[in-house]
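This report is for a reader new to the structure shown below. It takes up one part of the fold and then moves outward to the whole chain.

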Amino acid sequence: MPRNLNIALIGSKFMGRTHSNAYLKVGKFFDLPFNPVMHTIAARNREELEKFALRWGWTHCTDDWYEAATNPEIDLVDIGTPNHVHKDQAIAALEAGKHVACEKPLANTLDAAREMLKAAKKAKKSKTFVWYNYRRCPALALAHQIVKEGKLGRIYHVRGFYLQDWGGPDTPMLWRFQGNLAGSGALGDLCAHSIDAARFVTGDEIDEVSGAYMETFVKERKVLSGGAGGEIAGRGAKTAGKKARSTVDDATVFTARFKGGAVATFEATRLATGDKNANKLEIHGELGAIKFNFERMCELEWFDNTLPEKLRGWSTINVSNGAAHPYVGAWWPAAHALGYEHGFINQAADMIGAIGGKKPVVPLPDFEDAYNTQRVLEAVVQSAKNHCTVKLSQVK
Ligand SMILES: NC(=O)c1ccc[n+]([C@@H]2O[C@H](COP(=O)([O-])OP(=O)(O)OC[C@H]3O[C@@H](n4cnc5c(N)ncnc54)[C@H](O)[C@@H]3O)[C@@H](O)[C@H]2O)c1
């Protein structure tokens with residue numbers, strides 16, 4: 001019988017639900033070195049929390065995150081709160097000797113991310129993880145494996161788009177539109193995933209960023225009557241009639257060059273009318289090419305440039321064959337499709353495995369890895385602000 005791994009999760013809304021679901025399911029589908037125990041859920045609203053704990057199976061609940069993060073009974077602290085609180089929560093948990101999983105982006109600022117990385121390096125017995133969950137979508141994990149096996153050869157082009165459309169003028173002043181809380185808008189919220197995915201799939205690092213535009217199309221938004229913060233569930237919530245200035249980008253675009261020489265374009269927006277969650281990655285190499293679109297998440301488009309010319313063409317791989325495809329074997333028979341939640345459950349399996357010394361199926365992002373994505377976010381901000389090219393070697 002594996003030993004228990006007691007988990008405290010901070011945050012009980014969007015990510016609170018995805019992570020709770022992951023811990024609920026992971027032990028049912030994966031063989032794990034520990035038995036994950038849903039010990040404590042922490043967030044701000046005590047009354048809501050009690051219902052949440054009951055619904056999802058958390059044994060304890062508290063509106064004191066510090067108590068949860070430092071409780072001697074807890075082994076793993078999971079942070080699913082707005083970006084500006086990641087730093088304090090992660091550092092408190094690391095100083096208390098916990099393993100820490102944190103939502104992305106690592107922090108709201110590069111300085112905060114650096115402090116988190118420093119604390120992680122100091123906490124030698126703690127493992128850190130960051131929820132760049134799309135890495136564990138089987139199609140993107142397969143893309144990583146294909147590139148690693150050299151099947152694309154030299155990479156020429158990387159294109160990362162993340163297009164959503166929920167950020168119109170009727171969407172109120174959530175924390176996501178407040179620069180002091182979120183850090184940035186579409187950039188840290190959406191493009192961070194594309195940057196991580198591009199780094200993960202190519203196995204290469206961005207060397208320089210150039211030509212960035214960060215645009216705030218909707219300058220003012222209605223303030224939530226519930227007060228500061230504003231949670232995602234509040235999108236349809238009552239507003240107080242007053243308006244406040246949005247201080248983040250609704251859309252960001254930029255170009256980049258990878259160390260290996262590939263040139264890249266990135267685009268992220270909350271105003272892509274008609275596109276709900278078009279998280280796309282396209283890579284063209286000398287020997288082949290791939291295209292991924294999360295809206296068709298079980299498929300990977302593949303072009304094999306090594307075939308005789310008459311046989312060349314785009315093919316669509318249904319990434320759902322347990323014997324051949326990453327993570328799928330833990331789930332259902334072939335072509336019994338997986339969904340959004342499986343990326344989180346797959347990540348929970350790899351995190352719990354890693355705490356027990358197991359190698360993850362594909363690389364798991366830790367604080368250092370996510371710090372490197374955060375450096376790219378900072379380079380984009382500097383490029384947009386100063387209309388210049390920013391070398392990543394200058395962003396530390
Ligand atoms: N991996 C992904 O794909 C993905 C998707 C959405 C959000 N996120 C990230 O997850 C994090 C949370 O986003 P969300 O959409 O769940 O936000 P949300 O607004 O839906 O929920 C935030 C939760 O944090 C709690 N909270 C806020 N401030 C707190 C504090 N000071 N102390 C304790 N609890 C506090 C709130 O009570 C709420 O339960 C963010 O960092 C966001 O960028 C990641």
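## The hairpins around S14

Histidine 284 has alanine 289 of strand S14 as its bridge partner. The model in which this pairing appears is a predicted one. Lysine 280 is likewise bridged to S14, where its partner is asparagine 293. Strand S13 (residues 278-285) and strand S14 (residues 288-293) are antiparallel and share five bridges. The two strands make a hairpin, with two residues between them.

S14 also pairs with S15, again antiparallel, through four bridges. Here lysine 291 lies opposite glutamate 301 of S15. The link from S14 to S15 is a hairpin as well, with five residues in the connection.

## The nine-stranded sheet

These strands belong to an open sheet of nine, ordered S16-S15-S14-S13-S7-S12-S11-S8-S17, with mixed pairing. The edges are held by strand S16 (314-318) and strand S17 (390-391); each has a single partner strand, so one side of each has no neighbour in the sheet.

Two helices can be placed against this sheet. Helix H6 (residues 138-148) packs on it and touches S14 and strand S15 (299-304), with its direction at about 160 degrees to that of S14. Helix H8 (residues 186-202) lies across S13 and four other strands, namely strand S7 (155-163), strand S8 (206-215), strand S11 (251-258) and strand S12 (263-269). H8 runs at about 150 degrees to S7.

## The six-stranded sheet

Another open sheet has six strands in the order S3-S2-S1-S4-S5-S6, and its pairing is parallel. Strand S3 (60-62) and strand S6 (128-130) are at its edges; each pairs with a single strand, so one side of each is left free of a neighbour in the sheet. On average, neighbouring strands of this sheet are turned by 25 degrees against each other, direction ignored.

Within this sheet, strand S4 (residues 76-79) and strand S5 (residues 99-102) run parallel and are joined by four bridges. One of the pairs puts isoleucine 79 with cysteine 102 of S5.

Strand S2 contains alanine 42. Is this alanine 42 buried or exposed? Alanine 42 counts as buried because 29 C-beta neighbours lie inside 10 Å. Apart from neighbours within four places in sequence, the contacts of alanine 42 are Ala8, Ile10, Thr62, Asp63, Asp64, Trp65 and Ala68. The C-alpha atom of alanine 42 is 33 Å from that of cysteine 298, a residue 256 places away along the chain.

## Helices H1 and H9

Helix H9 lies across strand S1 (3-10), strand S2 (34-42), S5 and S6, at about 115 degrees to S2. Two packed helices are described by the angle and the distance between their axes. For helix H1 (residues 14-29) and helix H9 (residues 340-355), the axes come within 8 Å and cross at roughly 65 degrees. The crossing of H1 past H9 is right-handed.

On the H1 side, the contact is made by Thr18, His19, Asn21, Ala22, Tyr23, Lys25, Val26 and Phe29. H9 contributes Glu341, Phe344, Ile345, Ala348, Ala349 and Ile352. Sorted by class, the residues of this contact are nine nonpolar, three polar and two charged.

## Backbone exceptions

Most residues other than glycine have a negative phi, and most peptide bonds are trans. The bond from lysine 104 to proline 105 is cis, with omega near -10 degrees. Proline 105 sits in the loop between S5 and helix H5 (110-122).

Alanine 335 is not a glycine, yet its phi is positive, at about 65 degrees. Alanine 335 belongs to the loop between S16 and H9 and counts as exposed, with 11 C-beta neighbours inside 10 Å. Histidine 387 also has a positive phi, near 50 degrees. Histidine 387 lies in the loop between helix H10 (367-386) and S17 and is exposed, with 10 other C-beta atoms within 10 Å.

## The chain as a whole

In total, the protein chain has 10 helices and 17 strands. Its radius of gyration is 21 Å, close to the 21 Å given by the globule rule for 396 residues, so the chain is as compact as a globular protein of that length. The C-alpha trace spans about 65 × 55 × 40 Å along its principal axes.

Of the 396 residues, 50% are buried. Among contacts between residues at least 6 apart in sequence, 71% join residues at least 24 apart.

Key: Residues numbered from 1 in each chain as written. Predicted model: local features only at pLDDT ≥ 70, side-chain atom pairs only at ≥ 80, totals over all residues. Rg over C-alpha atoms; globule rule 2.2 N^0.38 Å. Buried ≥ 20, exposed ≤ 12 C-beta atoms within 10 Å, placed from the backbone. Contact = placed C-beta atoms within 7 Å. Axes fitted to C-alpha atoms, helices over the stretch in contact; angles between N-to-C directions. Left-handed = near helix turned anticlockwise from the far one by under 90°. Nonpolar A, V, L, I, M, F, W, Y, C, P; charged D, E, K, R; others polar. Pairing = 2+ DSSP bridges.
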